[in-house]
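Reader: I would like to learn how helices and their buried residues are read from a set of coordinates. Could we work through a case together?

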Amino acid sequence: MRTAPTEQPSTQRTDRVTPTTGVAATTPLSALGQVPWSDIRDSTGSAAGVPQLLRGVAGGDAEAARAALDDLRTRICQYGFVVEQATAAAVPFLWELAQTPQVTCRPQIIQLLRNIAGARQWESVAAVYPKLLNHQENPVVWERRARQAVRARSGALSTLLAEQDGEITRATTELADALAE
């Protein structure tokens with residue numbers, strides 16, 4: 001005979017940080033499914049693999065997270081270039097990961113956001129070769145959208161600057177400087 005379930009102590013972590021917005025913390029990257037990743041592109045073609053890389057950055061040990069971030073970097077902002085459409089779509093998730101204390105490579109994520117915020121390579125190329133602006137897939141537009149996506153979440157800078165980790169605050173200061181330009 002079965003008995004009715006009784007209240008059991010939760011095995012879930014209760015030490016999650018509540019964002020300063022007053023909204024309770026949700027599962028990291030819960031909105032990944034709302035982006036049509038397979039319909040947009042990264043440097044490899046379809047951006048369908050980007051969610052798995054973001055999850056890899058969010059979880060696991062430091063080495064695995066850093067490897068996932070390195071792979072993600074080559075797909076969305078390689079050599080300082082905003083590579084494809086997926087960059088702007090990935091930015092809100094990068095901001096989320098940068099603010100998640102359990103993520104092991106937060107300073108590197110903030111540095112990637114800084115690189116995206118400062119990316120102007122396609123605009124520079126278009127200044128010399130204006131025909132670039134006539135292409136159906138205009139990389140100048142990708143670059144601008146990616147920079148706008150970084151700026152749209154810049155309200156998190158004050159929280160990151162208040163961190164006790166010097167590496168995080170240095171990277172955040174550099175990002176703030178890039179956004180001020």
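Reader: Which residues of α2 are buried?

Author: Bear in mind that this is a predicted model. A residue is called buried when its relative accessible area is under 20%, and in α2 the residues that meet this are Ala65, Ala68, Leu69, Leu72, Arg75 and Ile76. They lie on the same side of α2, because they cover an arc of only 120 degrees around the axis.

Reader: What covers the buried residues of α2?

Author: The cover includes β1 (41-42), α1 (50-58), β3 (77-78), β4 (81-82), α3 and α4. At the start of α2, moreover, a side-chain oxygen of Asp61 comes to within 3.1 Å of the backbone nitrogen of Glu63.

Reader: How many of the 13 residues of α3 are buried, and where does α3 bend?

Author: Ten of the 13 are buried, so that α3 is mostly covered; among them are Val91, Phe93, Leu94 and Trp95. The bend, of about 30 degrees, is at Pro92.

Reader: What span should helix α3 have at 1.5 Å a residue?

Author: The expected span is 1.5 Å times one less than the number of residues. For the 13 residues of α3 (residues 86-98) this gives 18 Å, and the end C-alpha atoms are 18 Å apart, which agrees.

Reader: Is Gln108 buried or exposed, and which residues does Gln108 touch?

Author: Gln108, which lies in helix α4 (residues 106-118), has a relative accessible area of 11% and is therefore buried. Leaving aside residues up to four places away in sequence, Gln108 touches Arg66, Leu69, Arg73 and Glu167.

How values were computed. Residues numbered from 1 in each chain as written. Predicted model: local features only at pLDDT ≥ 70, side-chain atom pairs only at ≥ 80, totals over all residues. Heavy atoms only, no water. Helix = DSSP H or I, 4+ residues; strand = E, 2+ residues; numbered from the N terminus. Bend = angle between axes of the 7 residues up to and from the residue. Buried < 20%, exposed > 50% of the residue type's maximum accessible area, 1.4 Å probe, protein only. Contact = heavy atoms within 4.5 Å. Arc of directions from axis to C-beta. Polar contact = N/O pair within 3.5 Å; in protein donor to acceptor, adjacent residues only side chain to side chain.
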